[in-house]
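Subject: Structure handover

Hello,

Here is the structure I promised to pass on to you. My notes on it follow below, so have a look at it first and then read on.

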Amino acid sequence: MALERTFAIIKPDAVIAGVSGQILQAIEDSGLQIIGLKRTRLTPAICRGFYHEHVSKGFYPELEAFMIEGPVILMCLSGDDAIKRWRDLMGSTNPSNAAEGSMRKRFGTSIGRNATHGSDSPASAAFEVSYFFNAFELN
Ligand code: DAT
Ligand code: MG
């Protein structure tokens, strides 16, 4: 197993619902380290750059409207096999298919409003972490 970094978001639905603390607790309970964290609000331009691979898709306008509707909590997580471990803890994209106890099962309400984001590969993790964090912010 390799020591990895991955990028995570607590999305606006979960922040507004007041369940950020439960998601942070689940991350810590899983043994992943939160090595960077900030609370901010995305803009349309920042959202487009972040979701560049989805901008041309039919669901993108709905995705952008959702991601800018409230504050987000951005994180860099570190640990052995962190990318897959965070994806597993999040659960499937559609909360109705997500495993019992996963973040999306517990806190998501639809495929679009699914509470959390996680990088899906080492390449996307590297891009996404550096999109939001400077090296000195990761400790
Ligand atoms: P994931 O977030 O599990 O990596 P993805 O990268 O395919 O999923 O899509 C990014 C986000 O876009 C996803 O978390 C929710 C939204 N989304 C994906 N497919 C959608 C759809 N068919 N309808 C509405 N929103 C969708
Ligand atoms: Mg994805």
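How far does a polar side-chain atom of N114 lie from an oxygen atom of ligand 1? The distance is 2.9 Å. Please keep in mind that this is a predicted model, so every value here is computed from it.

N114 has company around the ligand. H54 also places a polar side-chain atom by a ligand 1 oxygen, at 2.8 Å, and for T93 the corresponding distance is 2.5 Å. Taken together, the protein covers 78% of the 520 Å² of accessible area that ligand 1 has on its own. If you would like to display the surroundings, select K11, H54, F59, E62, L63, R87, T93, R104, I111, G112 and N114, which surround ligand 1.

Now to the fold. You will find seven helices and four strands in the protein, and from the N terminus on the elements follow the order β-α-α-β-α-α-β-α-α-β-α. The radius of gyration is 14 Å, close to the 14 Å that the globule rule gives for 139 residues, so the protein is as compact as a globular protein of that length. Its C-alpha trace spans about 35 × 35 × 25 Å along the principal axes.

The four strands make up an open sheet, ordered 2-3-1-4, with antiparallel pairing. Strand 2 (33-40) and strand 4 (116-118) are the edge strands; each has a single partner strand, so one side of each is left without a neighbour in the sheet. From one strand to the next, the twist averages 20 degrees.

Within that sheet, strand 1 (residues 3-10) and strand 3 (residues 72-80) are joined by eight bridges in the antiparallel sense. To find your way along this pair, start from I9, whose bridge partner in strand 3 is L74.

One helix is worth a look alongside the sheet. Helix 7 (residues 122-132) lies across strand 1, strand 2, strand 3 and strand 4, and runs at about 60 degrees to strand 1.

Do write back with any questions.

Best wishes

Methods. Residues numbered from 1 in each chain as written. Chains lettered and ligands numbered in written order. Predicted model: local features only at pLDDT ≥ 70, side-chain atom pairs only at ≥ 80, totals over all residues. Heavy atoms only, no water. Pairing = 2+ DSSP bridges. Helix = DSSP H or I, 4+ residues; strand = E, 2+ residues; numbered from the N terminus. Axes fitted to C-alpha atoms, helices over the stretch in contact; angles between N-to-C directions. Contact = heavy atoms within 4.5 Å. Near = heavy atom within 4 Å. Polar contact = N/O pair within 3.5 Å; in protein donor to acceptor, adjacent residues only side chain to side chain. Areas by Shrake-Rupley, 256 points an atom, 1.4 Å probe, with all protein chains shown as cover. Rg over C-alpha atoms; globule rule 2.2 N^0.38 Å.
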